[in-house]
Amino acid sequence: MSQQELFRTGILILTSPLSILSLRTSALLTSITKHISGTLYVHLHPGLNLAGPNGADRPVDAVLPTWEMSQLIIKLYEKASDICNHIDIRVLLSHICSPQMKITACNQICSLSYTPDVLLTDHETQDQQELSIVEKSLWNYITKYYSYPCGRPSYVPLNLEAGASPPSQVEANVTNTEQTLPSYNDIVLGGTFDRLHNGHKSLLATACLLAQKRLLIGIADKDLLKGKRLFELIQPVDKRCFELKEFLYDVNPNLQYDIVPITDVCGPSITDEHLSCIVVSEETRKGGEIINTKRKERGLSELAVHTISLMADNSHALHEDAKVSSSSLRARLLGTLMKTPSPNPKLPRRPYIIGMTGGSASGKSSIAKRLELLGAAHINCDGLGHLAYRPGTRANAQIVQTFGKDVLNEDGSIDRKCLAEKVFANKEEMLRLTDIIWPVIMEMTKQEISEHAKTGRDVCILDAAVLLEAGWSDMVHEVWVSLITEHEAVRRIQARDGLSQEAARNRLASQWSNSQRVQQANVVLCTEWDPEVTQQQVEKAWNLLRRRMDQ
Ligand SMILES: CC(=O)SCCNC(=O)CCNC(=O)[C@H](O)C(C)(C)COP(=O)(O)OP(=O)(O)OC[C@H]1O[C@@H](n2cnc3c(N)ncnc32)[C@H](O)[C@@H]1OP(=O)(O)O
């Protein structure tokens with residue numbers, strides 16, 4: 001099936017017994033990639049007979065939240081990370097509930113955020129006649145759980161033979177426990193929930209299966225984000241809350257969700273007296289113990305700690321985490337187009353100008369040089385500034401007039417080290433300097449661009465440290481930003497320029513923060529890791545740029 005024939009959203013009704021489903025997870029997901037490109041809802045109803053005489057009727061029994069069921073759900077998310085990470089999988093849980101909740105919750109008809117365009121099932125049919133019975137049963141069954149505003153979608157029976165992988169050793173090792181999971185009225189959990197991935201979904205699904213009434217979710221914000229890798233690329237808290245809510249209301253709208261931004265690790269978990277359980281991952285188990293100690297100190301009941309394993313990322317790069325993680329997802333965004341550039345009618349179409357900017361020692365010039373090797377013209381604005389300081393130039397005279405003769409070398413050129421000491425620690429002095437020198441550098445830059453235009457160069461990299469601070473973004477088609485952590489920037493400045501830690505910090509403080517730059521960036525790159533990793537990002541960014549320039 002070609003790319004065009006894929007359905008955007010589908011709902012997969014799984015009817016085989018749990019032990020069989022567990023063996024078939026990989027085959028099912030492999031088959032799904034041939035049909036779905038966007039969102040896949042999975043509705044589990046082991047044992048449902050779609051071809052039987054009562055196939056169309058909604059069965060009386062609810063599906064129970066057993067340990068085996070929860071393991072299967074986690075496995076589905078885990079295998080999806082390996083097999084179809086591009087598909088947004090949502091295992092539906094509103095019908096999987098304890099007998100106490102069955103009457104109130106399971107009889108509701110739920111609205112899904114995305115209406116499925118296709119119904120899929122693992123139910124294998126013998127012939128055409130059975131196929132049409134199953135199709136009808138499936139439609140009757142599913143409309144008893146989910147509202148369907150757009151009428152009956154297509155039906156595609158899954159062919160598990162084609163592309164099915166044999167069960168692995170791990171898959172065959174099914175835990176055969178039919179015991180029901182414990183249940184709690186009010187459950188708490190926390191996380192950053194940046195770019196919701198299958199590890200998050202497993203944690204949330206487990207909490208939903210354990211919860212009778214309410215999930216309280218702390219979503220990390222502000223200072224809690226600071227130590228995280230590439231924290232500047234973390235989605236705004238409102239967006240993270242929105243995506244979390246959308247996912248949760250899709251998977252089980254019958255629970256109450258209280259989602260609150262938190263700025264310390266405990267959040268409301270140490271003040272809410274109604275809570276009875278905390279769901280953690282292996283990594284945050286310690287946090288659960290700290291919360292219990294603090295609750296005890298405050299005279300609150302201890303929480304049951306339910307731990308789920310970390311999900312391995314089997315295709316992670318060397319500089320990425322071994323677990324499925326948001327920081328790896330952020331790292332994969334480096335070099336891609338993160339924000340579509342707005343058209344600037346005042347700029348000629350060619351040469352296409354990339355404004356390459358970033359904090360001191362962030363590696364922007366090394367990126368610019370790598371882009372030069374790939375075919376771009378490199379305009380070094382720092383270098384142009386240095387040329388503008390030569391003896392006999394207008395800028396040289398103005399600088400002496402403003403800063404005095406002590407900024408001159410014996411040969412009449414500007415002593416940049418002396419000037420740097422004056423301006424990097426003092427905003428007003430820096431402003432006096434840039435008022436003189438930026439217009440001169442801008443003229444020289446325009447001159448260089450027009451020379452490249454004459455020779456037919458179609459991409460120019462404007463390597464400018466303070467492009468955004470100077471308000472030069474309308475001189476470029478796109479802004480690319482290079483990032484490194486402040487700690488690494490200080491280390492590099494000290495090692496390269498022989499400055500004290502204080503002087504290095506002053507220099508960084510005279511520039512915008514990484515977060516400010518990222519807000520205006522179309523493309524972000526990071527030189528924190530090995531040179532080969534930088535090279536890969538640069539090549540990715542360049543190839544994608546060439547592709548969009550050709551459109
Ligand atoms: C709009 C633009 O980006 S134009 C290019 C930037 N140049 C300017 O803004 C002109 C004002 N600056 C200067 O003239 C010089 O930087 C001086 C005289 C202050 C110091 O000169 P030098 O000691 O030779 O240092 P150099 O020019 O290499 O700059 C040191 C670092 O500070 C950065 N820097 C330069 N100007 C500024 C500024 N106005 N504000 C903050 N940082 C700056 C440089 O990009 C460089 O970063 P890097 O570590 O990533 O290479």
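The paragraphs below go through the overall layout, the nonpolar cores and the ligand surroundings of this structure.

The model is predicted. The protein has 551 residues, of which 39% are buried. Its secondary structure amounts to 18 helices and 15 strands, and the C-alpha trace extends about 100 × 60 × 40 Å along the principal axes. Among contacts with a separation of 6 or more, 80% join residues 24 or more positions apart.

The domain assignment divides the protein into domain 1 (3-172), domain 2 (184-316) and domain 3 (334-550). Between the C-alpha centres of domain 2 and domain 3 the distance is 41 Å. A further set of bounds comes from UniProt, where an unreviewed entry lists residues 188-332 as "domain: Cytidyltransferase-like". Over residues 188-332, helix makes up 33% of the chain and strand 21%. The end C-alpha atoms of this stretch lie 30 Å apart.

The interior comes next. In soluble globular proteins, nonpolar side chains tend to be buried together. Here the largest nonpolar core holds 68 residues. At least three of its residues come from domain 1 (3-172), and at least three from domain 2 (184-316). Val-42, Val-91, Ile-187, Ala-207, Cys-208 and Val-279 have the most contacts inside this core. What does Ala-207 touch, leaving aside residues up to four places away in sequence? Its partners are Ile-187, Leu-189, Leu-215 and Val-279. Two of these names, Ile-187 and Val-279, also appear in the list of residues with the most contacts inside the core. A second core is separate from this one and has 53 residues, including Met-356, Ala-376, Ile-449 and Ala-464.

Ala-464 leads on to the ligand. The ligand is surrounded by 25 residues, and Ala-464 is one of the closest, along with Ser-360, Arg-416, Ala-465 and Ala-470. Which elements give two or more residues to this shell? They are helix H11 (381-388), helix H13 (416-424) and helix H14 (427-454). The most come from H14, which gives six residues. By class, 16 residues of the shell are nonpolar, five are polar and four are charged.

In outline, then, the 68-residue core draws on domain 1 and domain 2, and the second core is separate from it. Ala-464 belongs to that second core and is also among the residues closest to the ligand.

How values were computed
Residues numbered from 1 in each chain as written. Predicted model: local features only at pLDDT ≥ 70, side-chain atom pairs only at ≥ 80, totals over all residues. Core = buried A, V, L, I, M, F, W, Y, C linked by C-beta atoms within 7 Å. Buried ≥ 20, exposed ≤ 12 C-beta atoms within 10 Å, placed from the backbone. Domains from an automatic or database assignment. Contact = placed C-beta atoms within 7 Å. Near = placed C-beta within 6 Å. Helix = DSSP H or I, 4+ residues; strand = E, 2+ residues; numbered from the N terminus. Nonpolar A, V, L, I, M, F, W, Y, C, P; charged D, E, K, R; others polar. UniProt positions renumbered as here; feature names shortened; annotations may be inferred.
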